[in-house]
Amino acid sequence: MAPCRLCLAIGTKRLARAQRAHIGSRPVVHMGRRGAVAAAAAVLVAVATVVAGMVPAARASPAEGFQPLSKIAVHRATVELDRSAYVRATPSLLGDQGEDTEWVTVKYGRANQSVDDWIAVFSPADFDSGKCPNPAQYPGEPLLCTAPIKYQYANYSANYMYWGKGSIRFQLINQRADFAFALFTGGLENPKLVAVSAPIAFKNPKAPVFPRLAQGKTHDEMTVTWTSGYDISEAYPFVEWGMAGAARPTRTPAGTLTFNQGSMCGEPARTIGWRDPGFIHTAFLRDLWPNKEYYYKIGHELPDGSVVWGKPYTFRAPPFPGQNSLQRIIVFGDMGKAERDGSNEFANYQPGSLNTTDTLVEDLDNYDIVFHIGDLPYANGYISQWDQFTAQVAPITAKKPYMIASGNHERDWPNTGSFFDVEDSGGECGVPAETYYYYPAENRANFWYKVDYGMFRFCIADSEHDWREGTAQYKFIERCLSTVDRKHQPWLIFAAHRVLGYSSNSWYAMEGSFEEPEGRESLQKLWQKYRVDIAFFGHVHNYERTCPLYQSQCMTNEKSHYSGTMNGTIFVVAGGGGSHLSDYTTAIPMWSIFRDRDFGFVKLTAFNHSSLLFEYKKSSDGKVYDSFTIERDYRDVLSCVHDSCWPTTLAT
């Protein structure tokens with residue numbers, strides 16, 4: 001099969017890259033959760049320190065790190081089944097009561113146990129049953145041509161190294177296929193398959209799961225997107241919904257999309273990272289009443305007329321543009337995903353991801369809409385991780401509109417039209433992000449769009465495509481900023497993934513620009529001309545807030561309470577959603593008001609047309625660590641400031 005021949009072709013390249021950004025497997029596996037010793041811990045810290053220094057050199061983007069699954073040298077795996085080895089998983093039937101997430105106990109053992117032994121979860125379960133060409137016919141072909149969806153070390157179980165027997169638990173989500181658990185030895189660099197479990201599966205692997213709300217192109221439209229295993233020829237997707245308390249629900253049909261291996265632009269997405277994404281369905285719920293509560297339920301009608309239902313949820317319709325009501329917004333970037341069962345944990349890739357998710361879930365009643373401004377799961381070409389991410393944030397996305405922006409880890413790949421010629425997407429070149437999530441762009445391949453939410457207008461830019469003057473995106477940005485009626489929508493927000501404004505991050509400081517190359521040169525005159533209140537960015541994994549700025553100059557000495565005419569834009573880096581943290585330059589620029597190297601998010605609260613509260617909260621406890629207020633009237637928005645004065649005439 002083609003993927004395996006590609007695996008062979010890229011094997012040398014992948015190995016070289018892994019050697020540049022690889023945690024040695026032997027020091028790591030000595031660090032069992034219960035059996036760790038001080039010496040091994042010291043070695044692990046030392047190795048992690050070395051790796052932290054090596055990561056930026058692994059690829060062109062300094063913000064990257066590396067995907068945990070990329071540490072596994074799948075192309076070097078061999079099958080050496082051991083009669084003394086076994087793997088057993090229980091229960092064998094999952095989701096018997098309609099659950100989409102289950103815990104599985106895996107028991108395993110072998111006579112010649114080693115610290116290099118590890119357990120992998122594969123899905124589909126027939127990962128070793130001939131999907132790669134027969135090695136006897138194709139000498140040198142890898143025996144495995146797919147990466148696992150997660151893994152844990154065998155010595156996580158306290159007694160494994162003593163008795164050769166262990167037991168650990170995995171959390172599985174319904175991913176449209178069965179699962180098998182495999183015991184490997186030889187570490188991650190030289191994996192040898194010694195035992196495989198019998199397959200286990202969800203009762204209905206095709207069931208609709210993990211709905212994702214997003215505001216449509218107008219204020220009275222909500223979209224519902226979800227994933228299932230049903231093609232349109234097997235079952236008809238729809239959403240049943242209605243206003244809370246209404247007697248008769250409405251059924252709205254959904255469109256169905258998917259993508260295939262040929263849609264990927266490079267490895268590993270096109271090779272060992274590929275996994276069938278299933279089918280992604282989107283329905284458009286229209287003519288909503290502002291601020292009314294609605295219930296909904298996703299479903300698939302089978303040929304016999306029966307319906308496979310998803311779980312029931314509710315949402316609140318967006319406010320009318322300009323509506324004077326309490327409106328609360330969450331903004332962050334770079335969250336990533338993490339495993340609640342401890343899988344893949346040695347990578348320490350997105351250590352704050354679950355904290356951010358859990359804090360937002362606990363506070364679900366106290367905000368209205370979320371903007372995740374790029375770098376979602378950091379799948380980096382391992383497509384199974386998109387399912388994992390949609391499951392992690394589902395408690396949020398099923399009830400609140402979840403608006404996304406494009407980041408380097410979603411889009412960038414050489415020679416595919418991305419502005420940055422780097423390999424940060426792992427060959428995805430934007431396809432999964434553009435398919436798994438809805439966003440109200442005119443062209444889904446161009447990730448720029450606007451959102452009118454009550455008294456707010458959000459102009460979402462795509463930093464992975466050219467934004468400079470004369471481009472299509474520049475024209476969109478100016479149109480978005482210039483067409484808002486500030487009398488009714490006073491709060492004008494700009495957002496993009498990469499820092500097109502200001503950041504005192506260490507690598508920007510080394511470049512001397514405190515921004516992406518050519519980041520603000522074209523845009524700052526638009527931000528100033530149209531009086532943008534706040535510009536948000538991610539990419540840098542920390543938090544930073546500036547003074548109101550124009551042309552690198554603070555326009556006021558005030559730091560916490562802004563009133564009257566705003567003479568500049570406040571720039572905020574909110575990239576501490578969960579991925580490994582970024583360092584600052586030691587010298588603090590005069591425009592930097594507050595910096596926090598920790599995981600967190602921003603909350604905006606508009607009380608009315610004149611009063612806005614900004615809060616930065618840490619993910620660890622949900623408490624406020626930085627804040628400011630803006631108090632102003634419409635005349636303050638109209639007031640003339642530098643480079644933002646309308647022409648006048650002497651005529652009377």
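Let me start with cysteine 145, which in this predicted model counts as buried, at 9% relative accessibility. From that cysteine I would like to move to the disulfides, of which the structure holds 4, and I will go through three pairs with their geometry and their surroundings.

In the pair of cysteine 265 and cysteine 429, the sulfur atoms are joined at an S to S distance of 2.1 Å, and the torsion about the S-S bond is about 80 degrees, so this disulfide is right-handed. Cysteine 265 sits in the loop between strand 14 (250-257) and strand 15 (279-285), while cysteine 429 sits in the loop between helix 7 (408-411) and helix 8 (431-436), and the link therefore ties together parts that lie 164 residues apart in sequence. How accessible are the two ends, cysteine 265 and cysteine 429? Cysteine 265 has a relative accessible area of 33% and is partly exposed, whereas cysteine 429, with 8%, is buried.

The next pair is cysteine 547 with cysteine 554, where the sulfur atoms are 2.0 Å apart and the link is left-handed, with -85 degrees about the S-S bond. Here cysteine 547 is buried, at 1% relative accessibility, and cysteine 554 is partly exposed, with a relative accessible area of 24%.

Then there is cysteine 640, joined to cysteine 645 with an S to S distance of 1.6 Å. The torsion about that S-S bond is about 75 degrees, so the disulfide is right-handed. Cysteine 640 is exposed, with a relative accessible area of 53%, and cysteine 645 counts as partly exposed, at 41%.

Let me turn to the salt bridges, of which a search of the whole structure finds 34. Aspartate 82 and arginine 110 meet through their side chains in one of them, with an N to O distance of 3.8 Å. That pair links distant parts of the chain, since aspartate 82 is in the loop between strand 1 (78-79) and strand 2, and arginine 110 is in the loop between strand 4 and strand 5 (118-122), 28 residues apart. Arginine 110 itself counts as buried, at 11% relative accessibility.

Which residues are linked with Lys150 in a network of salt bridges? The network holds Lys150, Lys337, Glu339 and Asp341. Within it, glutamate 339 meets lysine 150 at 2.8 Å, N to O; glutamate 339 is in the loop between strand 18 and helix 5, and lysine 150 is in strand 6 (residues 150-153), so this pair ties together parts 189 residues apart in sequence. Aspartate 341 also forms a salt bridge with lysine 150, at 2.8 Å, N to O, and that pair spans 191 residues, from the loop between strand 18 and helix 5 to strand 6. As for burial, glutamate 339 has a relative accessible area of 11% and is buried, lysine 150 is buried with 1%, and aspartate 341 is buried as well.

That loop leads on to helix 5 (residues 353-362), whose buried residues are Ser353, Leu354, Thr356, Thr357, Thr359 and Leu360. As a reminder on spacing, an α-helix has 3.6 residues a turn, so residues three or four places apart point the same way. The buried residues of helix 5 pack against strand 18 (327-332), helix 6 (384-397) and strand 30 (600-606).

A further site I would point to is serine 582, which is placed in the loop between strand 28 (569-574) and strand 29 (592-596) and is buried, with a relative accessible area of 6%. What does the side chain of serine 582 reach at 2.9 Å? The partner is the backbone nitrogen of histidine 541. Leaving aside residues up to four places away in sequence, serine 582 touches Asn505, Trp507, Val540, His541, Asn542 and Arg597.

Finally, there is an open sheet of 3 strands, in the order 2-4-7 and with antiparallel pairing. Its edge strands, each pairing on one side only, are strand 2 (86-90) and strand 7 (165-173), and the twist averages 25 degrees from one strand to the next. Strand 4 (residues 101-109) pairs with strand 7 in the antiparallel sense over 9 bridges, and as a register point, glutamate 102 has leucine 172, in strand 7, as its bridge partner.

Terms used
Residues are numbered from 1 along each chain as its sequence is written. This is a predicted model: local features need pLDDT of at least 70, side-chain atom pairs count only at pLDDT 80 or more; totals for chains, interfaces and linings use all residues. Side-chain values use heavy atoms; hydrogens and water are left out. Two strands pair if DSSP finds at least two bridges between them. Helices (H or I, at least four residues) and strands (E, at least two) are DSSP runs, numbered from the N terminus. Axes are lines fitted to C-alpha atoms, for helices over the stretch in contact, and angles run from 0 to 180 degrees between N-to-C directions. A disulfide is a pair of cysteine sulfur atoms within 2.5 Å. Buried means under 20% relative accessible area, exposed over 50%, partly exposed in between (1.4 Å probe, protein chains only). Contact means heavy atoms within 4.5 Å. A polar contact is a pair of N or O atoms within 3.5 Å; within protein, one must be able to donate a hydrogen and the other to accept it, and residues adjacent in sequence count only if both atoms are side-chain atoms. A salt bridge is a side-chain nitrogen of Lys or Arg within 4 Å of a carboxyl oxygen of Asp or Glu.
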